[in-house]
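Reader: I would like a close look at one part of this model: the enclosed spaces and the helices around them. Please take me through it step by step.

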Amino acid sequence: KSGAFTFDPGFMSTASCKSSITYIDGDKGELKYRGYPIEQLAVNANFLETCFLLKNGELPTQAEYDAFETNVRTHTMVHEQLTRFYQGFRRDAHPMAILVGVVGALSAFYHDSLDINNPEHRNIAAIRLIAKMPTIVAMAYKYTVGEPFMFPRNDLGYAENFLHMMFATPCEEYKPNPVLARALDRILILHADHEQNASTSTVRLAGSSGSNPFACIASGIACLWGPAHGGANEACLEMLNDIQNQGGVAKIGEFIAKVKDKNSGVKLMGFGHRVYKNFDPRATLMRETCHEVLGELGLQDDPLFKLAMELEKIALEDEYFVSRKLYPNVDFYSGIVQKAMGIPVPLFTGIFALARTIGWIAQWNEMIGDPEQKIGRPRQLYTGATTRDVKPIAQR
Ligand code: SDX
């Protein structure tokens with residue numbers, strides 16, 4: 001009987017699993033990929049090294065890195081038939097809707113030849129996803145703006161290639177700004193994995209039934225899309241734009257008052273976290289990246305950036321947020337820096353998905369490779385009607 005059980009809301013969202021990939025200490029604000037602190041990876045490694053680390057458990061030697069990068073680089077094109085899926089979407093489709101569809105459709109191109117119990121096949125699937133996600137995300141953007149798809153180029157690095165596919169046109173040479181490419185590479189590192197967050201748990205649950213990895217990653221994209229999760233960077237920028245349009249810094253007090261009014265349903269987007277009850281270490285690194293990019297682009301007086309810093313300062317001194325241990329999370333500055341880089345707002349979460357694909361595939365791979373793995377079956381606490389008899393409709 002539910003009366004005999006003190007219902008713990010966390011009960012429904014807590015699923016336990018063993019993993020050796022990512023460690024978070026929410027109270028200390030620590031994040032480590034395979035034991036390496038995120039602060040060190042963001043400075044001393046690039047995104048492909050981080051992919052190798054998350055997938056294989058160790059940072060690559062130079063020879064291992066060169067082989068891995070070549071393998072990824074030579075799988076960046078997508079099957080020509082896959083490009084036809086884009087034609088089925090309206091031009092104003094949200095890029096995340098396109099990604100859910102197109103990544104799921106990859107199953108139709110590789111599913112029948114993939115034995116997920118074969119580690120080599122799992123490795124091939126991982127390389128294909130790491131390699132093709134930038135191409136698929138850039139194509140989603142090009143489709144919505146009516147420009148031709150740009151092919152990946154084998155003479156460019158991972159982040160540069162993505163920027164080229166996003167912003168180049170067949171009409172003229174486009175050279176990605178190396179400072180922006182490095183900033184994007186760091187943004188991808190910061191978003192690569194994050195333990196058992198909602199979308200990773202979705203991928204694990206989908207994968208536990210034996211579904212192919214492409215369909216599982218598509219389920220992770222669907223979950224990440226939500227504004228409480230990966231969609232928060234887009235929602236955070238919209239929030240900053242709203243405050244700016246209503247008067248900017250002078251209107252912060254009014255906005256904070258709305259947030260405190262529970263009936264308003266207004267949240268301070270980019271703040272708070274299920275695990276971090278201290279600073280999200282990624283938020284600090286994201287703020288630094290933001291400074292660098294705005295400085296490189298001569299936008300250090302960007303009004304949204306100034307507004308965000310003032311909003312962060314006021315919130316960090318406000319009892320409502322302090323008492324609830326609400327600190328900036330990875331999404332608070334990521335929207336500002338991506339907007340400054342010219343990335344359209346609807347694509348922010350698509351880039352989060354691009355980055356998180358390696359985390360999803362590493363966690364999926366770890367689960368499938370665990371001989372003790374069973375199909376996921378979250379428990380429920382039944383709070384419905386007790387047993388009763390069905391009466392014929394005339395007597396109801
Ligand atoms: C990501 O899990 C992951 O690791 C996710 C992620 C990843 O890398 O995968 O880190 C990425 O999703 C980051 C989070 C992005 N989301 C947002 O920024 C949206 C705004 N944040 C909130 O929706 C919220 O903070 C959550 C969902 C992120 C966390 O919610 P919790 O931990 O369940 O906290 P809660 O909802 O229980 O809040 C505790 C209190 C409540 O007030 P009281 O009921 O105690 O009075 O804090 C309040 C909440 O109302 N609160 C907020 C708030 N977040 C929590 N109030 C205003 N603004 C907020 N942002």
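Author: The second largest cavity has a volume of about 30 Å³. This is a predicted model. Seven names make up the lining here: Thr76, Ala131, Pro134, Tyr158, Asn161, Phe162 and Met165. By class, five of these lining residues are nonpolar, two are polar and no charged residue takes part. Helices α8 and α9 each supply at least two residues of this lining. The most comes from α9, with four residues.

Now the count. Two cavities of 30 Å³ or more are found. The largest cavity holds about 60 Å³ of space. Its lining consists of Leu48, Glu69, Val72, Arg73, Thr76, Leu156, Gly157, Tyr158 and Asn161. Thr76, Tyr158 and Asn161 line the largest cavity, and Thr76, Tyr158 and Asn161 also line the second largest cavity. The class split for the largest cavity is four nonpolar, three polar and two charged residues. Helices α4 and α9, the latter spanning 158-167, each give at least two residues to this lining. Here α4 gives the most, with three residues.

Next, the helices. Leu48 lines the largest cavity, and Leu48 in α3 is also among the residues that meet α4. Helix α4 covers residues 62-73. The axes of α3 and α4 come within 10 Å and cross at roughly 100°. The two helices are therefore roughly perpendicular to each other. From α3, the contact takes in Leu48, Glu49, Cys51, Phe52 and Lys55. From α4, it takes in Glu64, Tyr65, Phe68, Glu69 and Val72. Six residues of this contact are nonpolar, none is polar and four are charged. Glu69 and Val72 thus appear in two places: they meet α3, and they line the largest cavity.

Helix α3 has another partner. Residues 47-56 form α3, and residues 119-145 form α8. Their axes come within 12 Å and cross at roughly 155°. That angle makes α3 roughly antiparallel to α8. The crossing of α3 past α8 is right-handed. Leu48, Cys51 and Lys55 in α3 meet Asn123, Ala126 and Ile130 in α8. By class, this contact has four nonpolar residues, one polar and one charged. Leu48, Cys51 and Lys55 touch α8, and these three residues of α3 also touch α4. Helix α8 then leads back to the starting point, with at least two residues in the lining of the second largest cavity.

One open space completes the tour. The second largest pocket has a volume of about 190 Å³. It is lined by 13 residues, and the closest to its centre are Met239, Asp242, Ile243, Phe255 and Val266. Helices α13 (232-245) and α14 (252-260) each supply at least two residues of this lining. The most comes from α13, with five residues. The classes here are six nonpolar, one polar and six charged. Charged residues are therefore part of this pocket's lining, whereas the second largest cavity has no charged residue in its lining.

Technical notes:
Residues are numbered from 1 along each chain as its sequence is written. This is a predicted model: local features need pLDDT of at least 70, side-chain atom pairs count only at pLDDT 80 or more; totals for chains, interfaces and linings use all residues. Side-chain values use heavy atoms; hydrogens and water are left out. Axes are lines fitted to C-alpha atoms, for helices over the stretch in contact, and angles run from 0 to 180 degrees between N-to-C directions. Angles under 35 degrees count as roughly parallel, over 145 as roughly antiparallel, 65 to 115 as roughly perpendicular and the rest as oblique. A crossing is left-handed if the near helix is turned anticlockwise from the far one by less than a right angle, and right-handed if clockwise. Contact means heavy atoms within 4.5 Å. Ala, Val, Leu, Ile, Met, Phe, Trp, Tyr, Cys and Pro count as nonpolar, Asp, Glu, Lys and Arg as charged, and the others, Gly among them, as polar. On a 1 Å grid over the protein atoms alone, a cavity is a set of points where a 1.4 Å probe fits but cannot get out, and a pocket is an open set with protein on both sides within 12 Å along at least five of seven lines; lining residues have an atom within 4 Å of a point. Grid points are joined across faces, edges and corners, and a volume is the space filled by probe spheres set on the points.
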